[in-house]
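Student: I'm new to this structure and would love a close look at its pockets. Could you walk me through what lines them, and then point out any unusual spots in the backbone?

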Amino acid sequence: MPSYLDEFHARDNGAVRVTPDQASRFAKEVAGDFNPIHNPDAKRFCVPGDLLFCLVLNEYGVSQRMSFRFTNMVGPDVALRFSPSEESSLAIQDEAGKTYLEVEREGEPSTDPQLIESLTRDYAAFSGQNFPHILVPLMKQHGVMVNPQRPLVFYDSMSFAFDQWPAPAPSLRFANAELVVNGKRGDVALDFDLLADEKVVGSGRKKLVISGLRPFEQAVMDDLVRQYDGWKSDYQSRG
């Protein structure tokens with residue numbers, strides 16, 4: 001069955017490939033994420049973790065409880081294997097056996113297209129709002145900030161669980177954010193609720209790692225946010 005994700009990946013002899021252009025368009029147009037690491041010409045280009053998450057749900061369905069751990073960043077045009085499996089544990093690997101994403105799932109999966117599209121679109125959009133809307137106030141609260149010349153924010157893991165199953169097409173609502181600072185490293189936990197008809201039917205958590213932390217400087221952070229907003233405006237004006 002056709003999916004909105006079809007334009008953001010291609011299948012090649014059983015493998016899934018994401019071009020830099022597809023990755024960049026997904027980040028900007030679906031997730032609203034203008035992190036330059038997803039630009040096609042980025043020196044350290046990587047495919048958005050949110051796109052990998054969406055592709056897994058599109059391929060294997062949505063289970064009542066799922067967790068995802070990102071072990072490596074996916075570079076341009078890497079051939080990923082989404083092998084058919086009924087197992088509770090999945091590993092998304094390339095043709096050489098390198099693992100990029102580990103998935104644990106529990107419960108009979110739903111392949112309802114409406115559920116999958118609603119959850120993946122809403123999660124990607126929620127995730128794309130992390131910077132600056134959530135992370136900047138959080139860093140300010142703790143008196144730290146990323147290095148503006150090299151802002152390194154890595155996607156570590158995420159998990160969710162539905163209390164009500166099967167659930168209708170859900171929406172996401174931000175619930176809480178926590179930051180634990182350990183020297184130049186910060187561990188961020190972002191909690192969200194899953195809702196159906198305005199009723200909470202589940203919850204989830206996304207974890208990020210921020211490296212290269214330094215003391216918070218309001219003027220420097222303001223410049224970084226303005227630069228980020230500029231990238232967003234430039235892209236949208238071209239559309």
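**A close look at the pockets**

Tutor: Happy to! In this predicted model, the largest pocket has 35 lining residues, and those nearest its centre are Asn35, His38, Val153, Phe154 and Tyr155. Its volume comes to about 740 Å³. Several helices and strands take part in the lining of the largest pocket: at least two residues come from each of α2 (49–60), α3 (113–128), α4 (130–142), β8 (152–162), β11 (199–211) and α5 (218–238). Sorted by class, the lining of the largest pocket holds 23 nonpolar residues, together with eight polar and four charged ones.

Now look at the second largest pocket, which has a volume of about 340 Å³. Here 16 residues form the lining, and Asn35, Pro36, Ile37, Arg150 and Pro151 lie nearest the centre. You may recognise Asn35, which is also among the residues nearest the centre of the largest pocket. Both β8 and α5 give at least two residues to the lining of the second largest pocket, and each of these two elements does so for the largest pocket as well. The class count for the second largest pocket is ten nonpolar, three polar and three charged residues.

Next, the backbone. As a rule, most peptide bonds are trans, and most residues other than glycine have a negative phi. With that in mind, try finding phenylalanine 131 and proline 132, which are joined by a cis peptide bond with omega of about 5°. Proline 132 sits in helix α4, and α4 is one of the elements that supply at least two residues to the lining of the largest pocket. Another cis peptide bond runs from tryptophan 165 to proline 166, where omega is near 0°. This time the proline, proline 166, belongs to the loop between β8 and β9 (171–182).

Two aspartates are worth a visit for their phi values. Aspartate 77 is not a glycine, yet its phi is positive, at about 60°. You will find aspartate 77 in the loop between β3 (65–70) and β4 (80–81). Aspartate 197 also has a positive phi, near 55°, and lies in the loop between β10 (185–196) and β11. How exposed are they? Aspartate 77 has 38% relative accessibility, so it counts as partly exposed. Aspartate 197 has 76% relative accessibility and therefore counts as exposed, since the cut-off for exposed is over 50%.

Technical notes
Residues numbered from 1 in each chain as written. Predicted model: local features only at pLDDT ≥ 70, side-chain atom pairs only at ≥ 80, totals over all residues. Heavy atoms only, no water. 1 Å grid on protein atoms, 1.4 Å probe; cavity = no way out; pocket = protein on both sides within 12 Å on 5 of 7 lines; lining within 4 Å. Points joined across faces, edges and corners; volume = space filled by probe spheres on them. Helix = DSSP H or I, 4+ residues; strand = E, 2+ residues; numbered from the N terminus. Nonpolar A, V, L, I, M, F, W, Y, C, P; charged D, E, K, R; others polar. Buried < 20%, exposed > 50% of the residue type's maximum accessible area, 1.4 Å probe, protein only.
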